[in-house]
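Q: I have a model open and want to go through it piece by piece. Can you take short questions as I go?

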Amino acid sequence: MIARREQQLTYLLLGVFSLIALVPVAGIVVTALQARGSAAGFGVPDGFNLENFATAWEEGNFADYLRSSVIVTVSVVALSTLLSILAGYAFGMMRFRGATVLFYLMLLGLMVPLEATIVPLYYDLRDLSLTDTYWALILPQVGASVAFGTFWMRAFFRSVPRSLVEAARLDGSSSWTTLWRVVLPLGRPAVLTMVALIFMWTWNEFLLALVMVSDEGLRTAPLGLAFFQGRNTTDYALLAAGSVIVATPVVVLYVFLQRHFIRGMLAGAVKG
Amino acid sequence: MAAVTFRNVEKRFGSVEAVRDFSLEIADGSFMVLVGPSGSGKTTALRMLAGLEAVGAGTIAIGERVVNDVSPRERDVAMVFQDYALYPQMSVRDNFAFGLRRRKLARDVIERRVRRAADALELGELLDRRPRELSGGQQQRVALGRALVREPQVFLMDEPLSNLDAKLRVQTRGEIRRLQQEIETTTVYVTHDQVEAMTMGDRIAVMNAGRLEQVGTPEELYERPANLFVAAFIGSPAMSLVPVAGLPLELPGADAGAVLGVRPEHARLWEDGEGLLGPLEGEVAYVEALGRETFLGVDSGPRTRFVVSVAGRSPIRPGERVRFGLVADGLRLFAAASGRALGPLAGRR
């Protein structure tokens, strides 16, 4: 009896929290489907209008913004995943002088917020003539992501049984082969989780894009959305459609990776 | 195939001396068991031989070649790990072939060796399975097979049977021994189980607290333990070790400070006392009936417990008093202070 009550209570609580999380999202989707100029918010939808998306796409220039976002995000995710795997492998499995100090130095990258460094970063990149290029968006975000990624992958590599690596060494496998053939195939959940997180953070990054890029053609989707909002302050249906367009890629990726995502999170939780 | 030589090998981990002044010769093609309690340094010695730990001092040679600075993959040794360490994402076939591919062997050679190992271990049907789809015993055989296909100079085995249930362990014990005798590859086998050591080893090296206590054939260790540690460690039930002082026995050549060592089979109930030293008397503390024989733990005084063996079942119960005697030929004397063996009773072999 108690168990059943407890279960009901659990479902109730989970239900309430799901609602709290979902209502705003549902609100935006519903708004985006309403006819332009009709009452905004959570009213009863007055129909199923897809033309808002088409209009927003056209007027908001989202094709360009999304292209920039894809270029930046894919580059950042690819580069930081590769670097994080290599650095995590070194920190997690190899013994070398200064490993601890270097690792804490990397963690610093996790702790210092972008807001604290963005001004000097701007001047540095300007001196290198990199502002107003994709590099100004890619390089700093690779730096930030590698700090997290190294931390994350190190935890994974630490959780791999040592004997597995030793067996590979005795079998004649180099460190390189051991990483790619023996150890990393076990880390798919960890890697995919990391990919999803870095993708999300990079896709949604706003401040960096705002500061580093003034060329319209280089604007990323969140930035584009902000400008779009500035131009259409009262047309809620159109704004909502723009938001949905910008958010969709992350949601789609999440749905694809969520099975691994949860498993990776749990592995991280148990094995530290 | 090759002999293995440890010469004055030392290893420390921080302030812990894991292996001290360890010297051991392992003949080409022989089966050497390193046995000892946990923390005795046996696994560390094996890992140094594998190249997984650096040698602190001294030298380790495989054949003529000193391997102290040779990387594990160039030592041409294969190891069976306690947890098997199978590559989980690879099929049994790929587990076998992984090491051979790293050594750039021809495809048909690899295929042939994998086949042969699979046949020898009856794994032919399972070649396309992944490790997690196998039972514990099958995984263990895959671990053996992965070492076998390598055809290395030396096999290293680190407690390979400790994750198996008792019955499978006995069976696999015989199987490993048979395989080794067939292919005659030098094998170093680490275990904490003295029964495994006694049944498998051509020779056994008993280790304790980082030191080598004694090396010899199973018979030598059993019949002539070099010191109290080996006497107590080898044999099940263990040798009874009793201070000579206070025993109502004439023991020629034994001074008062000596310790008497008696194997259970050399302590028998008195009956008519023929051929026995004694009689001794004591109270039965416990009865261990194994069916074929029964062991009685008999206290004949403080700190003097003898294990007495009785053929078949025994009607004797704990708490009863019994008289028993000792077989003079089987007795061993040890110096109490140093623990060193003093040999058999004077005038005996």
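Q: What angle does helix α4 of chain B make with β6(B), and which strands does the helix lie across?
A: This is a predicted model, to start with. In it, α4(B), residues 136-149, lies across β6 and β7 of chain B and runs at about 180 degrees to β6(B).

Q: What is the strand order in the open sheet of chain B?
A: The order is β6-β7-β8-β3-β9-β10, six strands with mixed pairing.

Q: Which ones are the edge strands?
A: β6 (77-80) and β10 (211-216) of chain B, each of which pairs on one side only. From one strand to the next, the twist averages 20 degrees.

Q: Are β7(B) and β8(B) parallel or antiparallel?
A: Parallel: β7(B), residues 154-158, and β8(B), residues 186-191, are joined by five bridges. As a register point, Met157(B) stands opposite Tyr189(B) in β8(B).

Q: Moving to the start of chain B. How many bridges hold β1(B) to β2(B)?
A: Seven, in the antiparallel sense, with β2(B) covering residues 16-26. Val9(B) has Phe22(B) as its bridge partner in β2(B).

Q: What about the turn, which residue takes a positive phi there?
A: Gly14(B), with phi near 60 degrees; the hairpin of β1(B) and β2(B) has two residues between the strands.

Q: And how does β1(B) run relative to β4(B), parallel or antiparallel?
A: Antiparallel, with five bridges between β1(B), residues 4-13, and β4(B), residues 57-62. Thr5(B) is opposite Ala61(B) in that pairing.

Q: Chain A now. Where does Tyr122(A) sit?
A: In helix α5 of chain A, residues 114-127.

Q: Why is Tyr122(A) classed as partly exposed?
A: Because it has 16 other C-beta atoms within 10 Å, while buried would take 20 or more and exposed 12 or fewer.

Q: Which residues does Tyr122(A) contact beyond its sequence neighbours?
A: Leaving out those within four places in sequence, Tyr122(A) contacts Thr131(A), Val211(A) and Met212(A). Val211(A) is 89 residues away in sequence, with a C-alpha to C-alpha distance of 7.4 Å from Tyr122(A).

Q: Last topic, the contact between the chains. How many residues does each chain put in?
A: Chain A puts in 14 residues and chain B 17.

Q: Which elements on the chain A side give two or more?
A: α7 (162-170) and α8 (175-183) of chain A. The most comes from α7(A), with six residues.

Q: How does that side divide into nonpolar, polar and charged?
A: On the side of chain A that touches chain B, there are seven nonpolar, four polar and three charged residues.

How values were computed
Residues numbered from 1 in each chain as written. Chains lettered and ligands numbered in written order. Predicted model: local features only at pLDDT ≥ 70, side-chain atom pairs only at ≥ 80, totals over all residues. Contact = placed C-beta atoms within 7 Å. Helix = DSSP H or I, 4+ residues; strand = E, 2+ residues; numbered from the N terminus. Nonpolar A, V, L, I, M, F, W, Y, C, P; charged D, E, K, R; others polar. Pairing = 2+ DSSP bridges. Axes fitted to C-alpha atoms, helices over the stretch in contact; angles between N-to-C directions.
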